[in-house]
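Biologist: Got a minute to walk me through this one? I'd like to start with the surface and then go to the rings.

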2 protein chains.
Amino acid sequence: MQDPLHRYEFNSNSILNHVVEPSDMAQFKTILVTGGAGYIGSHCVVDLLETGYEVIAIDNFANAVGDDDGSPALRRVEQITGKKVVFYRADLLNKEQINDIFDKHRVECVIHFAALKAVGESMMQPLLYYQNNLLGMLNLLEVMRSHNCFQLVFSSSCTVYGEPEWLPITEVHPTGKITNVYGRTKYFIEEMLKDLSAADERWNVISLRYFNPVGAHPSGLIGEDPTKEFTNLMPFMAQVALGKKPALTVFGSDYPTPDGTGVRDYIHVMDLAAGHVAALRMISEKHIGLKVYNLGTGRGVSVKELVTVFERVTGAKVPLKYEARRHGDITAMWADPTLAKEELGWTSQYTVEEMCTDFWRWQTMNPDGYPKKAMKPNHIVNGNS
Amino acid sequence: MQDPLHRYEFNSNSILNHVVEPSDMAQFKTILVTGGAGYIGSHCVVDLLETGYEVIAIDNFANAVGDDDGSPALRRVEQITGKKVVFYRADLLNKEQINDIFDKHRVECVIHFAALKAVGESMMQPLLYYQNNLLGMLNLLEVMRSHNCFQLVFSSSCTVYGEPEWLPITEVHPTGKITNVYGRTKYFIEEMLKDLSAADERWNVISLRYFNPVGAHPSGLIGEDPTKEFTNLMPFMAQVALGKKPALTVFGSDYPTPDGTGVRDYIHVMDLAAGHVAALRMISEKHIGLKVYNLGTGRGVSVKELVTVFERVTGAKVPLKYEARRHGDITAMWADPTLAKEELGWTSQYTVEEMCTDFWRWQTMNPDGYPKKAMKPNHIVNGNS
């Protein structure tokens, strides 16, 4: 057994001068993070470790670089925090694998990031998305229940709102009129979780509806490293700034917005990570059944505005190429984050400038993303050190 | 190989004098019926066999009587039709089993009845319902695709409409505001099927939204034999008429309907079966992508009206016991069946009197339901005769 105080020791190797207050400490110790080697997952693991949690991360490397030796992203997480992560290469579709992990560790809470997430791909391969995202969730829920683990933080998305009926979007906004398959998998899971917590009061679940995650850890050591062809704005913009792509394609310049381009609520991935730690604290402290929170800044930023800020803080040029609107794209969407502030005590801290600076630091330090090998992992792979 | 003409021979043992017209013959030969031993499934198999199809039925006996020797219901189906059914005891959650069946038979179309269907149970065990109904469908779709079988008739339900915004309900009525988990599984699957047929034009799918199936085959040999505690009106009413239960519980007598009781669109199960044969013909004749049809009579009948007719045609007494409305129950709902008439050439034929008479015949001939053994099945079990 590790000395429980170990969790309170501030790690002197940490790059971030993150001060851990005793009030940050929830009563849970061991958190299972699915999709822990991914973009949001790895940033969340940093915050969890620095807050004092012990983390078991799993990933099937569908969306993240890694192999049987482990994850380069989690290697970097350990570099940042000076702490160890227990890692399993595991797939939620393989229920026995998940069951074995729960047999081996006393998991007190799960943060479930793992999912396929490419909107365009989801429209072309709906069966793959339904199978992976729904079945992955159902397997996880079943294994959790059979191990008496009923605490869950679920990665939902603002896509569940569809085309907004009002702005900013509050959590009571209707859901269900969704324009893509990816979003439908998130919506279906939210509905399942509602039914589950209504039927069995042992469940204690928070669904976090992310707006548009961007940025990277301020160290530049971890960030977004898409393994598939990507169309997300910031990675694309950075590739253009690096000269790897000729121009940033902007879909639609005739939207009814101030400058004609689409408006989104970009949120720094470190703010998102902090939102998860806040959610964990909430479900460790009280029984809430199921609650849903927006994680956004509450500010809408247009594509052109984001490009302007990015060019200013990076000094790089991002030529634009305009194309027609994409079917299913939404004009403008931003969060009302009041509920998360009032109930979770969480608000976003990072500015748009920091989102751009931090993403750019990551990109310039790692122009080709992560090294393709975990580089002698010192994290514990498959439970064996 | 069986002589293809075999399928055209009219079976002289048939109890129903069902005349098969050449125009009834679709170009498919082999139909896989999931949940084929169940209430609606077994009636549909009768119609399929009499129309000239070859049927492979599978069932896991979650909702139907049967064992490794086969299904008493399908034994009776063979008695009615003089034809053989190939039967497998198989579970859609076991993808390998389903795959083996598709390897063994050239399935040209699937009629997918198999699902858990008890509304009350679904609210108490949502995870079970989501796992069984969604995963069963996803497994089936994947196996179908891998065997180049893209023709599907899906059992949906009028529950997908939720509380009606207008009556009679047309297929364009909004879906998604559903009051129970069972209905949500049907709605989710419909959404998946829409996405699937939009993404891959090889799919050719009809989703049939059943209203309230009642009645039984006019022979009295097959009918509804619930294996679990049931609350469906007609089986309950028949139990009361048989003296097995003291009174019929009517939930709500203060609804804003002519006599204060809930109004539904009851449809004879033989009409429902004919609707499936009509749907099969449609998807064998043309490519439609995905279509949705109501299967109802277009007539709303109150609980009290149904009881009155039942008492008249059976001569039995059904004492009523009134209780409060059940949460989530709907006041009144009946179908607009115009679209099925125009496009499938299908309309309901059976009267409410016949629904009651036929159900009563089944109940009096089989007061304890099916014999608990298949009684030396002559149907082909697990593909072996």
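Modeller: Sure. Chain A exposes about 15200 Å², and carbon and sulfur atoms supply 50% of it. Those areas come from the Shrake-Rupley method with a 1.4 Å probe; for residues, only the protein chains shown count as cover.

Biologist: And what should I know about the model itself?

Modeller: This is a predicted model: local features need pLDDT of at least 70, side-chain atom pairs count only at pLDDT 80 or more, while totals for chains, interfaces and linings use all residues. Side-chain values use heavy atoms, without hydrogens and water, residues are numbered from 1 along each chain as its sequence is written, and chains are lettered from A, ligands numbered from 1, in the order in which they are written.

Biologist: How much of chain A is buried?

Modeller: Of its 385 residues, 61% are buried, meaning under 20% relative accessible area (exposed is over 50%, partly exposed in between; 1.4 Å probe, protein chains only).

Biologist: How many helices and strands in chain A?

Modeller: 11 helices and 14 strands. These are DSSP runs numbered from the N terminus: H or I of at least four residues for helices, E of at least two for strands.

Biologist: OK, rings. How many aromatic pairs over all chains?

Modeller: The count comes to 15. Rings of Phe, Tyr and Trp (its six-membered ring) pair if their centres lie within 6.5 Å; planes under 30 degrees apart are stacked, over 60 edge-to-face, the rest tilted. Take Phe310(A) and Trp360(A): their centres are 5.6 Å apart and their planes at 85°, so that pair is edge-to-face.

Biologist: Where do those two sit?

Modeller: Phe310(A) is in helix 9 (residues 303-314) of chain A and Trp360(A) in helix 11 (residues 352-365) of chain A, so the pair ties together parts 50 residues apart in sequence. Phe310(A) is buried at 0% relative accessibility, and Trp360(A) is buried too, at 15%.

Biologist: What about Trp362(A) and Tyr370(A)?

Modeller: Ring centres 4.9 Å apart, planes at 55°, so they're tilted. Trp362(A) is buried at 0% and Tyr370(A) at 5%.

Biologist: Which rings form a cluster?

Modeller: Ring pairs link Tyr130(A), Tyr187(A) and Phe188(A) with Tyr130(B), Tyr187(B) and Phe188(B).

Biologist: Switching to chain B, how long is helix 5?

Modeller: Helix 5 (residues 126-146) of chain B has 21 residues and reaches 30 Å from first C-alpha to last, close to the 30 Å expected at 1.5 Å a residue; the expected span is 1.5 Å times one less than the number of residues. It's mostly covered, with 17 of the 21 residues buried.
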